[in-house]
Amino acid sequence: MDNSLEQKIEQSAQILVNSRFAVALSGAGMSAESGIPTFRGNEGLWKEFSAKELATPEAFLKNSKLVWQWYNMRKEKISKAKPNAGHYALAKIQEIIPLHLITQNVDNLHNDAGSKNTIEIHGNIFLARCLQCGHVSELKSYDNDEPLCPVCFEGKLRPHIVWFGEQLDQKNLQRVFTWLDSCDTMLVIGTSSQVYPAAGFASDVQANGGTVIEINPQPAAQAHITLNGTSGEILPPLLKAIERNKNSLEHN
Ligand code: BV8
């Protein structure tokens, strides 16, 4: 690792250890090293299917079976994936400093890696919502493209996912904005920063005088510090630097 990247990791660790209220925002790049394709990369998920055909309420109304087949294909892939070194390092950082996590990812891997205090703003691929009674239930299987509600037994289930053109869950959004109001350091990890409202969070923090640090091999956010690399490469040394800085802070 070149020493300018090492220096920037050290600088980022000092900022994070001294921050009052840090928030991490993660995107699909976080799970790339777990073998889950991102959306807009070369092997991106959107390549085969376009978002408008699948990740919209209109698509589901028009052809719910096709949408379920797409989600079931993704669920099968995700069910076989494991958190990577980046997920585990981030969960450990959350044990050392007050780091709150907002994820755009629906793959549950942050939860599997032990992250707490997480807001899944685009939902979770292993949850399904009844169109009839609104009940949200866990649906881990991926063999049924016309699942019915296990509570009212008659309603069709849809993925408990936020599609394009749909409002985010208002409770989640309220929590996000409360966090952003207090946030003095944001760590943006593995997102192309193209999807709103998440794409606007870093500039909200900057507008409040906060510091933005980005981890991405192809940086996309307006960040003060850019750690140019993958989350699996950067987060473990960032964890070590945070542990070092935290210890020396406690012993001085
Ligand atoms: C809403 C479904 C109110 C779940 C998703 C304001 C301006 C312009 C447009 C809008 C706006 N407000 C609303 C919109 C419309 C729309 C939008 O933002 N459109 C974009 C495309 C312009 N937003 C909405 O509709 C949102 N709703 O705001 O409601 C409203 C509604 C309508 C009109 C006005 C207001 C709902 C957004 C949620 C959509 N659902 N997915 C699913 O099936 O998964 S979004 C989809 O993109 C995923 O959920 C994903 O999380 C999200 C963001 O993608 P990324 O995570 O960034 O992934 P991507 O592939 O793009 O990038 C990967 C990055 O990782 C790259 O930078 C790469 O370099 C990096 N990387 C690669 N490998 C690694 C790595 N990084 C680190 N390590 C690695 N190893």
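In the predicted model, a nitrogen atom of the ligand lies 3.0 Å from a polar backbone atom of Ser-231. Two further backbone approaches involve glycines. A nitrogen atom of the ligand is 3.3 Å from a backbone N or O atom of Gly-29, and a polar backbone atom of Gly-190 is 3.3 Å from an oxygen atom of the ligand. Taken alone, the ligand has 1,400 Å² of accessible area, of which the protein covers 77%. The surroundings of the ligand comprise 34 residues, and those that come nearest are Arg-40, Tyr-71, Gly-165, Thr-191 and Ser-192.

Helix H2 spans residues 29-32 and includes Ser-31. This serine has a relative accessible area of 1%; it is classed as buried because that value falls under the 20% limit. The side chain of Ser-31 makes a polar contact of 2.5 Å with the side chain of Asp-107. Apart from residues up to four places away in sequence, Ser-31 touches Ile-36, Asn-84, His-87, Asn-105, Asp-107 and Leu-109.

Strand E2, formed by residues 99-103, is mostly covered, with five of its five residues buried. The cover extends to both faces of E2: Leu-99, Leu-101 and Thr-103 are buried on one side, and His-100 and Ile-102 are buried on the other. E2 pairs with two strands described here. Strand E1 (residues 22-26) runs parallel to E2, and the pairing comprises five bridges; within it, Val-23 has His-100 of E2 as its bridge partner. Strand E3 (residues 118-120) also pairs with E2 in the parallel sense, over three bridges. In that pairing, Leu-101 is bridged to Thr-118 of E3.

The largest nonpolar core contains 26 residues, and Leu-90, Leu-187, Leu-235 and Leu-238 have the most contacts inside it. Two or more residues of this core come from each of helix H1 (3-17), E1, helix H7 (85-96), E2, strand E7 (185-189), strand E8 (211-215), strand E9 (225-227) and helix H11 (231-251). The greatest contribution to this core, six residues, is that of H11. Another core lies apart from this one and has 22 residues, including Trp-70, Phe-126, Ile-161 and Trp-163. In soluble globular proteins, nonpolar side chains tend to be buried together.

The contacts of Leu-235 illustrate the packing around one of the core residues. With neighbours within four places in sequence left aside, Leu-235 is in contact with Met-30, Gly-86, Ala-89, Leu-90, Ile-93, Leu-187, Ile-189 and Ile-215. Two of these partners, Leu-90 and Leu-187, are themselves among the residues with the most contacts inside the largest core.

Two helical residues are not buried. Ser-4 is located in helix H1 and has a relative accessibility of 37%; it counts as partly exposed because this value lies between the 20% and 50% limits. The C-alpha atom of Ser-4 is separated by 23 Å from that of Ala-202, although the two residues are 198 residues apart along the chain. Glu-250 belongs to helix H11. Its relative accessible area is 52%, and Glu-250 is therefore classed as exposed, the limit being over 50%. Between Glu-250 and Asn-228 the C-alpha to C-alpha distance is 30 Å, at a sequence separation of 22 residues.

Conventions: Residues are numbered from 1 along each chain as its sequence is written. This is a predicted model: local features need pLDDT of at least 70, side-chain atom pairs count only at pLDDT 80 or more; totals for chains, interfaces and linings use all residues. Side-chain values use heavy atoms; hydrogens and water are left out. Buried means under 20% relative accessible area, exposed over 50%, partly exposed in between (1.4 Å probe, protein chains only). Helices (H or I, at least four residues) and strands (E, at least two) are DSSP runs, numbered from the N terminus. Two strands pair if DSSP finds at least two bridges between them. A nonpolar core is a set of buried Ala, Val, Leu, Ile, Met, Phe, Trp, Tyr and Cys residues joined through side-chain atoms within 4.5 Å. Contact means heavy atoms within 4.5 Å. A residue is near a molecule or strand if one of its heavy atoms lies within 4 Å of it. A polar contact is a pair of N or O atoms within 3.5 Å; within protein, one must be able to donate a hydrogen and the other to accept it, and residues adjacent in sequence count only if both atoms are side-chain atoms. Accessible areas come from the Shrake-Rupley method with a 1.4 Å probe; for residues, only the protein chains shown count as cover.
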